[in-house]
Amino acid sequence: MQVELKANEKIEDLQYDGLRIIQSADEYRFTTDAVLLANFCGDMQGELCVEFGAGSGVISILVARKKKPSKIVAIELQQNLADMARRSVELNGMSGQIEVVCGNLKDAPKFIDKPADVVVCNPPYRKIGSGERQLAENIALCRHEIAATLSDVIESAGKTLNNRGTFYLVHQAERLTEIVTVCGVNNLSVKEIVPVCPRKGKEPNLVLVRAVKCGGKDCKLRLPIYVS
């Protein structure tokens with residue numbers, strides 16, 4: 001399928017089942033973290049999935065093909081990214097399965113007709129004032145907690161999910177205590193943690209987390225993933 005490409009955009013191969021995505025030199029580009037999160041998600045056959053902060057749409061596109069949800073609502077705050085994601089969905093012939101919404105993840109329940117079975121999120125990692133901030137506001141919004149904090153993400157997930165619904169998150173390993181604590185406050189029980197290491201011999205810099213709304217207290221710490 002042919003789609004319109006804007007200035008500084010190109011189509012890239014996702015190297016899975018013929019899937020492709022539009023990327024722009026002027027916008028935030030997805031990283032390995034997004035692919036790891038999509039692969040970490042469990043089977044969603046027949047389920048309603050909501051993605052927070054969809055960016056260019058890579059997670060929703062991969063999850064749609066690999067995990068088979070009945071529908072994905074991909075929420076993205078920035079109009080340019082939402083438009084690019086919408087065209088990537090069209091490019092892959094997934095318009096009937098993925099709906100891209102330009103809006104704030106804090107308003108997620110307004111964008112769905114019923115509570116979601118699954119929420120997926122690869123949020124901005126850095127708190128305001130930590131680390132080097134990008135000069136471009138559109139890039140900074142994707143990397144720093146300007147529009148939504150970790151607490152905002154988890155609170156909204158708790159409000160968006162049905163009872164026993166599943167929340168999947170990738171984040172910095174150093175913020176794991178905060179993730180577990182805030183999940184608990186929002187009635188989300190962390191059930192599975194996967195450390196992600198840059199390579200063997202290096203400490204984890206990321207964690208993949210699965211939490212369940214109104215879940216029990218048991219939690220599995222998995223063997224680490226090595227990126228390279």
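# A walk through the chain, starting at Phe30

Start by selecting Phe30, which sits in the loop between strand S2 (20–24) and helix H1 (32–40). One thing to keep in mind as you click around: this is a predicted model. Phe30 is partly exposed, with a relative accessible area of 24%. Now show what is around Phe30: leaving out neighbours within four places in sequence, the contacts are Leu14, Ile21, Gln23, Val35, Ser56 and Val58. Pick Val58 from that set and put a distance on the two C-alpha atoms: Phe30 and Val58 are 28 residues apart in sequence, but 7.3 Å apart in space.

**Next stop: helix H1**

Move on into H1. Which residues of H1 are buried? Select Asp33, Ala34, Leu36, Leu37, Ala38 and Phe40 and you have them. To see what covers the buried residues of H1, colour the elements around them: the cover includes helix H2 (58–67), strand S6 (116–121), S7, S8, S9 and strand S11 (225–226).

**Over to strand S1**

Select Glu12, in strand S1 (residues 9–13). Not counting residues up to four places away in sequence, Glu12 touches Leu19, Arg20, Ile21, Gln23 and Arg29. Add Ile22 to the selection for another C-alpha to C-alpha distance: Glu12 and Ile22 are ten residues apart in sequence and 6.2 Å apart in space. You have already met Ile21 and Gln23, as both are also on the contact list of Phe30.

**The loop before helix H3**

Now go to Gln78, in the loop between strand S4 (71–76) and helix H3 (79–91). Is Gln78 buried or exposed? Its relative accessibility is 12%, so Gln78 counts as buried, the cut-off being under 20%. Show its partners as sticks: again setting aside residues up to four places away in sequence, Gln78 touches Cys102, Asn138, Leu141 and Cys142.

**Helix H6, from both sides**

Select helix H6 (residues 176–185) and pick out Ile179, Val182 and Cys183, which are buried. Then turn the view to look down the helix axis: the buried residues of H6 fall within an arc of 105 degrees, so they line one face of the helix. On the other side of H6 you will find Thr177 and Val185, both exposed.

What lies over the buried residues of H6? The cover includes helix H5 (150–160), strand S7 (161–172), strand S8 (188–197) and strand S9 (206–213). If S7, S8 and S9 sound familiar, they are also among the elements covering the buried residues of H1. Before leaving, click on Asn187, which follows H6 and has a positive phi, near 65 degrees.

**Zoom out**

Clear the selection and look at the whole chain. Its secondary structure comes to six helices and eleven strands. The C-alpha trace spans about 50 × 40 × 30 Å along its principal axes. For 228 residues, a compact globule would have a radius of gyration near 17 Å, and the chain agrees with its 17 Å.

Colour by burial and 50% of the 228 residues count as buried. Of the contacts between residues at least 6 apart in sequence, 69% join residues at least 24 apart; the Phe30–Val58 pair, 28 residues apart in sequence, is one you have visited.

Finally, switch on the surface, about 11,000 Å² of it accessible, with 47% belonging to carbon and sulfur atoms. Colour the charges too: there are 30 positive and 28 negative side chains, and the centres of the two sets lie 5 Å apart.

Conventions: Residues numbered from 1 in each chain as written. Predicted model: local features only at pLDDT ≥ 70, side-chain atom pairs only at ≥ 80, totals over all residues. Heavy atoms only, no water. Helix = DSSP H or I, 4+ residues; strand = E, 2+ residues; numbered from the N terminus. Rg over C-alpha atoms; globule rule 2.2 N^0.38 Å. Buried < 20%, exposed > 50% of the residue type's maximum accessible area, 1.4 Å probe, protein only. Contact = heavy atoms within 4.5 Å. Areas by Shrake-Rupley, 256 points an atom, 1.4 Å probe, with all protein chains shown as cover. Lys, Arg positive; Asp, Glu negative; His and termini not counted. Charge placed at Lys NZ, Arg CZ, Asp CG, Glu CD. Arc of directions from axis to C-beta.
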